[in-house]
Amino acid sequence: MQTRRLLLDPAIHEEFTRLKNLVEEKEKKIKELQDNVAAVNFTPSSKLGKMLMAKCRTLQEENEEIGAMASEGKIHELGMKIAVLKSQNNELRNQFDVLYKHMDGVTNDVERSNELVAILQEELEAKELEVTRLKEETLSQKEGTQEAPAPAPAPVEEGDGAGNDLKPASDPLQVKLES
């Protein structure tokens, strides 16, 4: 009863709680200091040392396993990227080959076209020369018919075979030039 009355007294109750908390703090401090002393006296052969060493080994093994898994994942990912890049490279190479063949064909076509243009230019020059010659002959014949009796028609000259075998009257260029 007396103890109960004492605990019901607020001042005593407060002091009792404070002392109880102080004891708990001191017990924690003692435990912490004992752990520190054990850590200072740490040896691999002590009980605590053996436990710590075993824990370190398991952690190291786990780290190695995680590292291996991560490495395998990265290697696999890089392998996939390499495979994709190789397929893109092959596709680009095939497209380049197709374009190269196409450009080769276009180059050949251009060369043939240039040769044909050169041949046609030569023929055009020959025709222009023939037209000029025939024009001059026609003019000289007109002048000759006005001054003297009509001479015998001039024989048609055979040229280089580039279309000179046409008669002057049937040449459309001459007809256009005369009119």
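The following paragraphs go through the predicted model from its overall architecture to its salt bridges and surface patches.

The chain contains four helices and zero strands. Along the sequence the order of elements is α-α-α-α. Two of these helices carry the details discussed below: helix α2, which spans residues 10–40, and helix α3, which spans residues 47–147.

Burial and contacts give the next level of description. The chain has 179 residues, of which 6% count as buried. Its exposed area is about 16,100 Å², and 60% of that area is supplied by carbon and sulfur atoms. As for contacts, taking those between residues at least 6 apart in sequence, 52% join residues at least 24 apart.

Five salt bridges are present in the structure. One of them is in helix α2, where the side chains of aspartate 35 and lysine 31 meet with an N to O distance of 3.9 Å. The cut-off for a salt bridge is 4 Å between a side-chain nitrogen of Lys or Arg and a carboxyl oxygen of Asp or Glu, so the pair at 3.9 Å qualifies. Aspartate 35 and lysine 31 are four residues apart, about one turn of the helix. Aspartate 35 has a relative accessibility of 42% and therefore counts as partly exposed. Lysine 31 is also partly exposed, because its relative accessible area is 49%.

Helix α3 supplies further examples. The side chains of glutamate 77 and lysine 81 form a salt bridge with an N to O distance of 3.8 Å. These two residues are separated by about one helical turn because they stand four residues apart in helix α3. Glutamate 77, at 45% relative accessibility, is classed as partly exposed. Lysine 81 falls in the partly exposed class too, with a relative accessible area of 47%.

Another salt bridge of helix α3 joins the side chains of glutamate 137 and arginine 133, at 2.6 Å from N to O. Glutamate 137 and arginine 133 are four residues apart in this helix, so about one helical turn lies between them. The relative accessibility of glutamate 137 is 23%, which makes it partly exposed. Arginine 133 has a relative accessible area of 23% and is likewise partly exposed. Both values can be read against the cut-off for burial, which is under 20% relative accessible area.

The surface patches come next. A negative patch consists of Glu61, Glu62, Glu64 and Glu65. Of this group, glutamate 62 lies in helix α3. Glutamate 62 is partly exposed because its relative accessible area is 44%. Membership in a patch requires over 30% relative accessible area and no salt bridge, so the value of 44% for glutamate 62 meets the area condition.

A nonpolar patch is made by Leu48, Met51 and Leu52, and its area is about 270 Å². Leucine 48 is located in helix α3. With 37% relative accessibility, leucine 48 counts as partly exposed. Because the patch condition is over 30% relative accessible area, leucine 48 at 37% passes that condition as well.

Helix α3 thus holds glutamate 62 of the negative patch, leucine 48 of the nonpolar patch, the salt-bridge partners glutamate 77 and lysine 81, and the partners glutamate 137 and arginine 133. The pair of aspartate 35 and lysine 31 belongs to helix α2.

Key
Residues are numbered from 1 along each chain as its sequence is written. This is a predicted model: local features need pLDDT of at least 70, side-chain atom pairs count only at pLDDT 80 or more; totals for chains, interfaces and linings use all residues. Side-chain values use heavy atoms; hydrogens and water are left out. Patches are made of residues with over 30% relative accessible area and no salt bridge: like charges are joined within 9 Å, nonpolar side chains (Val, Leu, Ile, Met, Phe, Trp, Tyr) within 5 Å. Accessible areas come from the Shrake-Rupley method with a 1.4 Å probe; for residues, only the protein chains shown count as cover. Lys and Arg count as positive and Asp and Glu as negative; His and the chain ends are not counted. The place of a charge is taken as NZ of Lys, CZ of Arg, CG of Asp or CD of Glu. Buried means under 20% relative accessible area, exposed over 50%, partly exposed in between (1.4 Å probe, protein chains only). Contact means heavy atoms within 4.5 Å.
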